[in-house]
Amino acid sequence: MSADREYMTRALALAEKGLYSTDPNPRVGAVIVKDGQIIGEGYHVQAGTPHAEVHALQQAGAAARGATCYVTLEPCSHFGRTPPCADALVKAGVARVVVAMEDPNPLVSGQGIARLRQAGIQVEVGLLAEKAAALNPGFISRMRRGRPWVRLKLAASVDGRTALANGASQWITGPEARADVHHLRARSSAIVTGIGTVLADDPQLNPRLDEPLPRQPWRVILDRELRTPVQARLFQTPGPVMICHAAGASRLHKAVLQELGADLEQLPESQGALDLTAFWHLLNSHEMNEVLVEAGPTLAGALIMGGWVDELVLYLAPKLLGPDALPLARLPVFEELSQVPQFRLQDCRMLGNDARLIMTTGHQVQPDGI
């Protein structure tokens with residue numbers, strides 16, 4: 001029904017309001033409708049606070065009895081930081097619930113829908129499911145694959161170069177593209193880089209938006225030998241810092257970095273580098289959903305060839321840096337075109353004078369319950 005799509009679209013728009021704040025929870029919106037009128041709506045704002053359905057029910061009050069609730073994710077059925085939303089809907093006496101997609105969390109996964117149906121509530125699942133899934137790729141990835149959704153951001157000239165041979169790279173892209181990156185940072189659980197980037201660019205790696213942010217993402221450095229300088233700007237800006245290192249790092253330097261507030265994590269090594277499988281498991285244990293990687297060509301190449309990249313965001317500037325400039329990613333020499341990494345172009349648009357391409361590698365998370 002067109003009306004159902006209209007109300008679910010509204011619920012999705014509400015869910016998006018939690019883009020920067022719900023972590024590690026999913027972004028969820030809910031709308032309650034009766035006699036063709038919206039009588040309540042809400043979205044999940046922050047972990048530990050009421051879920052979207054509760055906000056909508058509070059707004060609707062007693063009028064919720066006999067109404068239809070549109071919600072972008074299956075109502076929860078377990079006690080977490082808040083009581084089950086499925087129980088709240090049953091108690092309110094709603095007659096019908098339209099769910100965009102099932103919850104991938106094993107603690108819920110179909111149980112919330114079952115509880116509603118057991119109470120005699122009509123439940124329909126699957127309306128605009130792909131749009132609902134697109135709001136929560138990291139949460140779905142963490143629940144289904146046990147690792148975050150990995151988004152690799154790169155900026156280059158049209159000849160595929162990221163910096164001059166001497167390392168100069170500020171700025172290849174224009175202000176509009178750089179502002180867009182801050183929005184990617186703000187929605188991420190963590191921003192990951194390598195020690196080479198820290199030593200070369202001394203980045204802050206924090207989102208800087210005009211609007212106040214309810215939380216700051218982790219800044220995570222892959223630093224095998226623990227060479228992160230104590231004067232790095234990472235320590236001078238708000239937000240937690242994690243440094244991953246190998247065994248044998250200097251105990252003295254560890255102590256100094258810990259005094260600065262850094263969380264130090266030891267990882268095993270694989271082929272002379274930190275083991276990336278262990279790294280993603282570590283981030284998963286910290287309930288990180290979406291991870292934005294901003295790194296140099298060595299780490300970018302390792303992630304691509306390791307099959308870790310779920311989404312590639314590439315900003316292309318209309319400039320030519322020449323053959324001696326640094327490449328996007330250090331990749332092996334391929335002998336056949338069938339060996340090269342391939343991507344699916346999902347979106348292409350202009351940001352000022354630059355083009356932004358969003359590509360995926362075929363790892364898209366798909367909604368259940370269609």
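**Notes on a predicted model: one buried serine, two sheets**

1. Start with S189. This residue sits in the loop between α7 (175–187) and β8 (190–194). Keep in mind that the model is predicted.

2. Is S189 buried or exposed? The relative accessible area of S189 is 3%. Buried means under 20%, so S189 counts as buried.

3. What surrounds S189? Leaving out residues up to four places away in sequence, S189 touches D23, R215, P217, W218, M288, N289 and E290. One of these contacts can be described further: the S189 side chain reaches the backbone nitrogen of N289 at 2.8 Å.

4. Next, the sheet that includes β8. It is an open sheet of 9 strands, ordered β11-β10-β9-β8-β14-β6-β15-β18-β17, and its pairing is mixed. The edges are β11 (263–266) and β17 (344–351). Each has a single partner strand, so one side of each lacks a neighbour in the sheet. Neighbouring strands are turned by 20 degrees against each other on average, direction ignored.

5. Look closer at β8. It pairs with β14 in the parallel sense, over 3 bridges. V192 stands opposite V293 in β14. Helix α6 (residues 137–145) packs on this sheet and touches β6 and β14. The direction of α6 makes about 130 degrees with that of β6.

6. Helix α11 (residues 297–305) deserves its own point. It lies across β6, β8, β9 and β14, and runs at about 130 degrees to β6. Which residues of α11 are buried? They are P297, L299, A300, G301, L303 and I304. These buried residues pack against β6 (149–157), β8, β9 (218–222), α10 (276–285), β14 (290–294) and β16 (326–327). Just after α11, G307 takes a positive phi of about 75 degrees.

7. Now another sheet. This open sheet has 5 strands in the order β2-β1-β3-β4-β5, with mixed pairing. Why do β2 (37–43) and β5 (122–125) each have one side without a neighbour in the sheet? Both stand at the edges, each with a single partner strand, so one side is left free of a neighbour there. The twist averages 15 degrees from one strand to the next.

8. Within the 5-stranded sheet, β1 (residues 29–34) and β2 run antiparallel, joined by 6 bridges. A30 stands opposite G42 in β2.

9. Two helices lie across these strands. Helix α2 (residues 52–60) crosses β1, β2 and β3 (68–71), at about 140 degrees to β2. Helix α4 (residues 111–118) lies across β4 (96–99) and β5, at about 150 degrees to β5.

Technical notes: Residues are numbered from 1 along each chain as its sequence is written. This is a predicted model: local features need pLDDT of at least 70, side-chain atom pairs count only at pLDDT 80 or more; totals for chains, interfaces and linings use all residues. Side-chain values use heavy atoms; hydrogens and water are left out. Helices (H or I, at least four residues) and strands (E, at least two) are DSSP runs, numbered from the N terminus. Buried means under 20% relative accessible area, exposed over 50%, partly exposed in between (1.4 Å probe, protein chains only). A polar contact is a pair of N or O atoms within 3.5 Å; within protein, one must be able to donate a hydrogen and the other to accept it, and residues adjacent in sequence count only if both atoms are side-chain atoms. Contact means heavy atoms within 4.5 Å. Two strands pair if DSSP finds at least two bridges between them. Axes are lines fitted to C-alpha atoms, for helices over the stretch in contact, and angles run from 0 to 180 degrees between N-to-C directions.
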